[in-house]
Each structure stands twice: as C-alpha cells, then as structure tokens.
Amino acid sequence: MALSQEAANRKWTLAEQAIVDQAICHVARMMPEFTADDVWARLGRSFPVNKGMAARLNMAARLGTIRNTGKIGFADRGGDHDHAQRLTIWAAA
C-alpha cells in the first residue's frame, strides 16, 4: 500500500489526488457497487494514469467513505489497463 501511495504522490499532484478522491465519492454515491474501472471512467481518458488508485481507494475506506465488499471483479478497460487484472469491488460505507 505504501508503494501505491508513493506512486500517487510521485505522479499525481495534490490537486489531482483530490480530483480522484472526489471521483471515488461521486461513484460511491451513484452506484451500489463499483471498481477502480468505474472511478477511472469518471475521471476520463485525459486524466494521468498511474498505479496510485489503490492507495486513494484504500484511503477512502480508512476514512469510512467506502467499504470493501469482499468481492473481486476483473478490469475490462482498454489501453494501459487492458490486462484483466483483479479488482476489488467497493460500495459506499
């Protein structure tokens, strides 16, 4: 997790991290369950891609905004994320 947060800090500015956090909150309000794919979709194609998403999702969970459902899904985005990685399924807390 520390490595994921380091990646977020290195590649996303504090303002960009805040945008990610806002996207997580928005998706959590709009969908009963979601994955990082849904947050990336909210951010849009022009938002900088890095490995820091896990850190932002886990921070939201620690803050009580979202919770891990214990379920796993698989990435279905194209481009940099087109490798069917396993994704945690989240829900609003």
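In this predicted model, the structure holds 2 aromatic pairs. A pair of aromatic rings is described by the distance of the centres and the angle of the planes. For W12 and W40, the ring centres lie 6.0 Å apart and the planes meet at 50°, so this pair is tilted. The pairing joins distant parts of the chain, with W12 in the loop between helix 1 (2-11) and helix 2, and W40 in helix 3 (residues 36-43). Along the sequence, W12 and W40 are 28 residues apart.

Both partners of this pair can be described by their accessibility. W12 has a relative accessibility of 2% and therefore counts as buried. W40, at 7% relative accessibility, counts as buried as well.

W12 also takes part in the pair with F47. Here the ring centres of W12 and F47 are 5.8 Å apart and the planes stand at 55°, so this pair too is tilted. Distant parts of the chain are again linked: W12 lies in the loop between helix 1 and helix 2, whereas F47 lies in the loop between helix 3 and helix 4, 35 residues apart. F47 is buried because its relative accessible area is 10%, below the 20% cut-off for that class. Together, W12, W40 and F47 form one aromatic cluster.

The next element to consider is the packing of two helices. The axes of helix 2 (residues 14-30) and helix 4 (residues 53-62) come within 10 Å and cross at roughly 55°. Helix 2 is therefore oblique to helix 4, and the crossing of helix 2 past helix 4 is right-handed. On the side of helix 2, the contact is made by Q17, V20, D21 and I24; helix 4 contributes M53, R56, L57 and A60. Sorted by class, the contact of helix 2 with helix 4 comprises 5 nonpolar, 1 polar and 2 charged residues.

A60, one of the contact residues of helix 4, also provides a reference point for strand 2. A92 belongs to strand 2 (residues 86-92), and the C-alpha atoms of A92 and A60 are separated by 9.8 Å. Along the chain, A92 and A60 are 32 residues apart. Leaving aside residues up to four places away in sequence, A92 touches A28, T65, I66 and R67. A92 has a relative accessibility of 35% and therefore counts as partly exposed, whereas W12 at 2% is buried.

Terms used: Residues numbered from 1 in each chain as written. Predicted model: local features only at pLDDT ≥ 70, side-chain atom pairs only at ≥ 80, totals over all residues. Heavy atoms only, no water. Axes fitted to C-alpha atoms, helices over the stretch in contact; angles between N-to-C directions. Helix = DSSP H or I, 4+ residues; strand = E, 2+ residues; numbered from the N terminus. Parallel < 35°, antiparallel > 145°, perpendicular 65-115°, else oblique. Left-handed = near helix turned anticlockwise from the far one by under 90°. Contact = heavy atoms within 4.5 Å. Nonpolar A, V, L, I, M, F, W, Y, C, P; charged D, E, K, R; others polar. Phe/Tyr/Trp six-rings, centres within 6.5 Å; stacked < 30°, edge-to-face > 60°. Buried < 20%, exposed > 50% of the residue type's maximum accessible area, 1.4 Å probe, protein only.
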